[in-house]
Amino acid sequence: MKPMILGSGWKMFLSDSEALAHAEAIAAYGTEAQGVELFVLPSFTALHRVTERLAGSGIRVGAQNMAWAEKGAFTGEVSVLSLKEMGVTHVEIGHTERRELFGETVATIALKLRTALHHGLIPVYCFGENAVEKRNGQTERVLAEEFREALHGIGFEEAQTLIFAYEPVWAIGVAQSAQPEEVNPIIGSLRSVLAELYPSSKEGSEFRIVYGGSVNLDNFPKLLEQPHIDGLFVGRASLVPEHYAEMVRQMTRKAAEQR
Ligand code: PGA
């Protein structure tokens, strides 16, 4: 049985001292979460202290981005080697804000995925259609095309370690998330796309696919019920420690039911 996944992206919402205080607060709730892979993604500058604070808590720590190269003349970038030294386990790659605001392309995403996998980090690979693509009924085609490029050269075994984060661009940072019943078949069709790319796969069931985009305590239970969803990736709503703790509780319950 795959563990369920609960990711929390802190974006650039917290200063370093606020990030540490938040880490203290969520650790204080106790994070015994059997059967759930928990990870949080603070800013680069907070990684060191947050990783130290959360060591042994059951909550793993990831970065929000990284360079595709290991070392060299890449001013302003952060190397996978530095992340590894800090004890970081996950790295977010290709978030829509990186693509839209900082010019990240599928070509660089593909390079970063390979670098992360090569060094044993778990990539949290974010992708999703935009509003126009959704309106034109192109979701599956657009995402299949991206997968072909982004996953090129990544083997079946490695692809199973990835966390695929389906985050429709139109559902991020807004009041309302995508409807849970609408997300489930899309994730189902992504499993078929992956099964075509990886013929040894059993209908894409091995792949770890989470949903992200305006997840909050209200829509959390309904999203959790959807059979194709392996977990949830939460932004703003996870910055309230009590809400985060409640999400951990609900997901732990769900994971226990599935065992
Ligand atoms: P949100 O962010 O939950 O605040 O919409 C989600 C994300 O960007 O991953």
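Rings of Phe, Tyr and Trp pair if their centres lie within 6.5 Å. The legends below use that cut-off for a predicted model.

**View 1. Aromatic pairs, with Phe147 and Phe164 in close-up.** A search of the whole structure gives 14 aromatic pairs. In one pair, the ring centres of Phe147 and Phe164 are 5.8 Å apart. Their planes meet at 55°, so the pair is tilted. Phe147 belongs to helix α7 (residues 139-150) and Phe164 to strand β6 (residues 163-166). The pair therefore ties together parts 17 residues apart in sequence.

**View 2. The shell around the ligand.** The ligand sits in the largest pocket. Around the ligand are Lys11, His95, Glu167, Ile172, Gly173, Gly213, Ser214, Val215, Phe233, Gly235 and Arg236. Three of the shell residues are nonpolar, five polar and three charged.

**View 3. Polar contacts of the ligand with His95, Gly173 and Arg236.** From His95, a polar side-chain atom lies 2.6 Å from a ligand oxygen. Gly173 contributes a polar backbone atom, 2.7 Å from an oxygen atom of the ligand. In the side chain of Arg236, an N or O atom is 2.6 Å from a ligand oxygen. On its own, the ligand has 280 Å² of accessible area, and the protein covers 98% of that.

Technical notes. Residues numbered from 1 in each chain as written. Predicted model: local features only at pLDDT ≥ 70, side-chain atom pairs only at ≥ 80, totals over all residues. Heavy atoms only, no water. Near = heavy atom within 4 Å. Polar contact = N/O pair within 3.5 Å; in protein donor to acceptor, adjacent residues only side chain to side chain. Areas by Shrake-Rupley, 256 points an atom, 1.4 Å probe, with all protein chains shown as cover. 1 Å grid on protein atoms, 1.4 Å probe; cavity = no way out; pocket = protein on both sides within 12 Å on 5 of 7 lines; lining within 4 Å. Sits in = over half its atoms within 2 Å of the grid points. Nonpolar A, V, L, I, M, F, W, Y, C, P; charged D, E, K, R; others polar. Phe/Tyr/Trp six-rings, centres within 6.5 Å; stacked < 30°, edge-to-face > 60°. Helix = DSSP H or I, 4+ residues; strand = E, 2+ residues; numbered from the N terminus.
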